[in-house]
Amino acid sequence: MSDLSKYRNIGIFAHVDAGKTTTTERILKLTGKIHKIGEVHDGAATTDFMDQEQERGITIQSAATTCFWDDHRFNIIDTPGHVDFTIEVYRSLKVLDGGVGVFCGSGGVEPQSETNWRYANDSGVARLIFVNKLDRLGADFYRVVDQVKNILAANPLVMTIPIGFEDSFVGVVDILSQKAYVWDDSGQPENFEVTDIPEDLKEKAAQYRTELIETAVEQDDEAMEKYLDGEEPDIETIKKCIRKGTINLDFFPTYCGSAFKNKGIQLILNAVIDYLPSPTEVKPQPEVDLEGNETGEFAIVDKNKPLRALAFKIMDDQYGALTFTRIYSGVLQKGTGILNTFTGKEERVGRIVEMHADSREDLDSAQAGDIVALVGLKNVQTGHTLCDPKQPATLEPMVFPDPVISIAVAPKDTSASEKLGLAIGKMVKEDPSFYVETDQDSGETILKGMGELHLDIKIDILKRTHGVEVVAGAPQVAYRETVTQRLEDSYTHKKQSGGSGQYAKIDYVIEPQEPGFGFEFESQIVGGNVPKEFIPAVEKGWKVSTEKGVLAGFPCLDLKITLVDGGFHAVDSSAIAFEIAAKAAYRQSMPKAGAQLLEPIMKLDVFTPEDNVGDVIGDLNRRRGMISSQDTTPTGIRVKGEAPLSEMFGYIGDLRTMTSGRGQFSMEFDHYSPCPKNISEKVIAEVAEREAAKK
């Protein structure tokens with residue numbers, strides 16, 4: 001199939017438990033891709049194929065599948081909702097042209113919905129909104145629409161309104177056609193009839209239609225003029241205007257229904273065709289040079305252009321590594337050689353497969369607009385560009401957040417240590433937000449990730465998928481260090497031991513900077529007191545040193561080093577001498593510049609029943625939490641605030657105890673903040689103890 005106007009690359013994303021995977025299942029059933037619907041709560045959903053997903057009833061990794069509706073090809077990615085796996089959402093949005101944001105009819109705009117919405121805005125992805133679970137207790141479509149406006153600062157364009165609510169929800173009114181779609185009680189998605197609008201909704205439906213047309217015609221001057229003259233545009237013109245506004249992100253067509261009860265899904269599938277862009281209608285991907293600067297060239301979606309593709313996910317299975325790839329331009333043939341611009345090496349494409357969750361179908365070729373998986377690539381990682389070796393180019397890479405939590409693991413027996421190394425190597429390739437390092441002194445393997453659940457799942461995967469039993473230590477917080485005072489200082493490095501010596505003198509200023517600043521080095525040397533060729537060595541010495549702070553060995557942030565003067569010896573000075581001087585200057589001056597420990601502060605969003613709100617807030621205060629707001633929802637209270645990560649370990653268990661299992665929470669890293677003196681002293685003492693134990 002080569003007509004790109006009939007392609008739709010879409011993602012389905014939402015807060016955990018809003019019904020993404022259930023919505024995906026219904027789409028696959030309606031499009032004939034599966035014949036029996038699998039339920040998330042039974043652990044049988046098609047796109048939740050990992051053991052851990054089926055047991056916990058959550059999506060952990062994004063799954064890709066392809067299906068057809070009304071002569072159009074849909075490449076669909078079902079993404080996770082839990083905050084620890086937002087990396088999966090981010091990298092999926094990077095390669096998609098459109099999306100469906102699913103919101104729970106009773107939960108509304110929840111914390112992870114906000115994060116995903118922000119990622120989608122950053123990626124410029126056009127979206128539809130689907131307000132799901134309208135059959136649930138406390139569901140209110142109109143309240144969720146208001147939340148989309150107020151919390152997400154988005155403009156929802158209401159396309160359907162519900163008929164009935166909670167138990168009596170039976171169908172929807174299509175605002176554009178002014179017809180009612182009513183389903184029977186059989187639970188079959190195809191068992192519906194199109195009827196006239198119920199009397200009690202006629203006035204509301206007419207009002208929403210007026211609003212819809214007024215919003216849509218703003219996209220077309222001619223239609224706007226006719227409308228102002230009293231001439232209503234025809235349906236096709238209105239649809240064209242809605243499509244244009246949706247692709248420009250001016251508004252988001254908003255639908256409602258119940259995926260679990262099979263009500264309202266057909267209208268969403270039609271809307272994907274009518275309003276979401278084809279690959280040729282989105283902004284082309286910018287190409288960048290090796291330093292990451294834009295070249296002004298773009299990967300235009302066209303099969304006749306040179307090959308440009310982005311590897312956005314690596315997945316290991318029994319047949320080897322699968323590289324999920326979005327092809328932006330050109331054609332990719334099985335058995336051909338492609339260039340990985342990151343490594344500079346050519347690789348051969350062994351097989352091209354079209355994915356359906358964890359099953360696959362072989363293809364001979366794929367073209368611009370396709371999302372496929374490649375088998376047989378050796379050194380490709382997430383974010384690498386694959387292109388035509390004769391016409392190389394690099395696409396804008398992906399940027400991933402730093403981990404905030406780490407644990408030490410060791411194999412249970414020595415025979416497992418080699419298996420552990422191989423397994424972790426594969427897992428790091430699959431997940432760019434999962435880091436591994438070896439402690440040089442103790443030889444311990446340190447796993448780093450985005451949250452407790454993230455690392456918990458990784459240890460589970462090691463055990464079940466790779467058969468490696470490990471002993472895990474207590475979670476460790478990723479503290480940082482900084483300075484608090486401006487300091488002018490000087491250091492001279494002299495060494496004479498027969499033969500040529502070493503000499504380097506540097507005068508420098510250390511200054512604290514704003515949070516989030518990172519590290520900066522500046523040279524103000526004039527007149528050659530430190531020769532130009534030695535200045536990069538000074539910078540390197542400082543930069544390498546900041547990886548290990550003077551208080552407890554944590555990386556040092558938010559400081560600026562200015563080289564103001566120095567001295568050199570015509571024979572004994574060298575780049576290595578200046579680098580050693582900078583390293584020694586770091587050790588000498590950092591304690592004098594008021595070195596301070598920083599701790600990661602997490603943004604919190606806690607849901608609690610109204611009866612338990614006092615206990616929950618009291619507990620957060622004990623954890624050094626700062627409450628910023630309390631919002632009443634139909635089912636309880638949402639408490640927002642921030643708290644140090646070190647105080648939040650095991651919080652989910654305590655929250656469930658306080659709320660009789662009804663509380664929920666999500667947290668994500670927000671910023672680093674100075675550690676209170678007593679906490680700082682305790683952390684430094686613990687680190688010293690661990691170091692002593694290693695020796």
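This passage walks through the fold of a single predicted chain, from its overall make-up to a few helices and sheets.

The model is predicted, so local features are described only at pLDDT of at least 70 and side-chain atom pairs only at pLDDT 80 or more, while totals for chains, interfaces and linings use all residues. Residues are numbered from 1 along each chain as its sequence is written, and side-chain values use heavy atoms, with hydrogens and water left out.

Let's start with the whole chain. Its secondary structure comes to 16 helices and 38 strands; helices (H or I, at least four residues) and strands (E, at least two) are DSSP runs, numbered from the N terminus. Of the 695 residues, 54% are buried, where buried means under 20% relative accessible area, exposed means over 50%, and partly exposed lies in between (1.4 Å probe, protein chains only). The chain exposes about 30500 Å², and carbon and sulfur atoms supply 48% of that area. These areas come from the Shrake-Rupley method with a 1.4 Å probe, and for residues only the protein chains shown count as cover. As for contacts (heavy atoms within 4.5 Å), take those between residues at least 6 apart in sequence: 72% of them join residues at least 24 apart.

Next come the sheets, where two strands pair if DSSP finds at least two bridges between them. One open sheet has 4 strands in the order S7-S8-S9-S10, with antiparallel pairing. Strand S7 (160-163) and strand S10 (192-195) stand at the edges with a single partner strand each, so one side of each is left without a neighbour in the sheet. On average, neighbouring strands here are turned by 25° against each other, direction ignored. Axes are lines fitted to C-alpha atoms, for helices over the stretch in contact, and angles run from 0 to 180 degrees between N-to-C directions.

In the middle of that order, strand S8 (residues 171-174) and strand S9 (residues 179-183) run antiparallel and are joined by 4 bridges. Asp174 stands opposite Lys179 in S9, and Val173 has Ala180 in S9 as its bridge partner. The hairpin of S8 and S9 has 4 residues between the strands, and Gln178 takes a positive phi near 55° there. S9 is also joined to S10 by 4 bridges, again in the antiparallel sense. Ala180 turns up once more in this pairing, with Thr195 in S10 as its bridge partner.

Another open sheet has 3 strands in the order S13-S12-S24, and its pairing is antiparallel. The edge strands are S13 (294-299) and S24 (394-395), each of which pairs on one side only. Strand S12 (residues 285-288) pairs with S13 over 3 bridges, and Val288 stands opposite Glu294 in S13.

Further along the chain, strand S37 (residues 636-644) is mostly covered, with 8 of its 9 residues buried. S37 is joined to strand S35 (residues 596-608) by 8 bridges, running antiparallel, and Asp605 stands opposite Lys640 in S37. S37 also pairs with strand S36 (residues 626-633) in the antiparallel sense, over 7 bridges. In that pairing, Gln630 has Val639 in S37 as its bridge partner.

Now for the helices. The axes of helix H6 (residues 199-217) and helix H7 (residues 221-228) come within 8 Å and cross at roughly 135°. That makes H6 oblique to H7: angles under 35 degrees count as roughly parallel, over 145 as roughly antiparallel, 65 to 115 as roughly perpendicular and the rest as oblique. On the H6 side, Thr210, Ile213, Glu214 and Val217 meet Ala223, Met224 and Tyr227 of H7. These residues divide into 5 nonpolar, 1 polar and 1 charged. Here Ala, Val, Leu, Ile, Met, Phe, Trp, Tyr, Cys and Pro count as nonpolar, Asp, Glu, Lys and Arg as charged, and the others, Gly among them, as polar.

Helix H9 (residues 265-275) is mostly covered, since 9 of its 11 residues are buried. Among them are Ile265, Leu269 and Tyr275.

Finally, Asp619 has its place in helix H14 (residues 613-622). With 9% relative accessibility, Asp619 counts as buried. Leaving aside neighbours within four places in sequence, Asp619 is in contact with Tyr651 and Met658.
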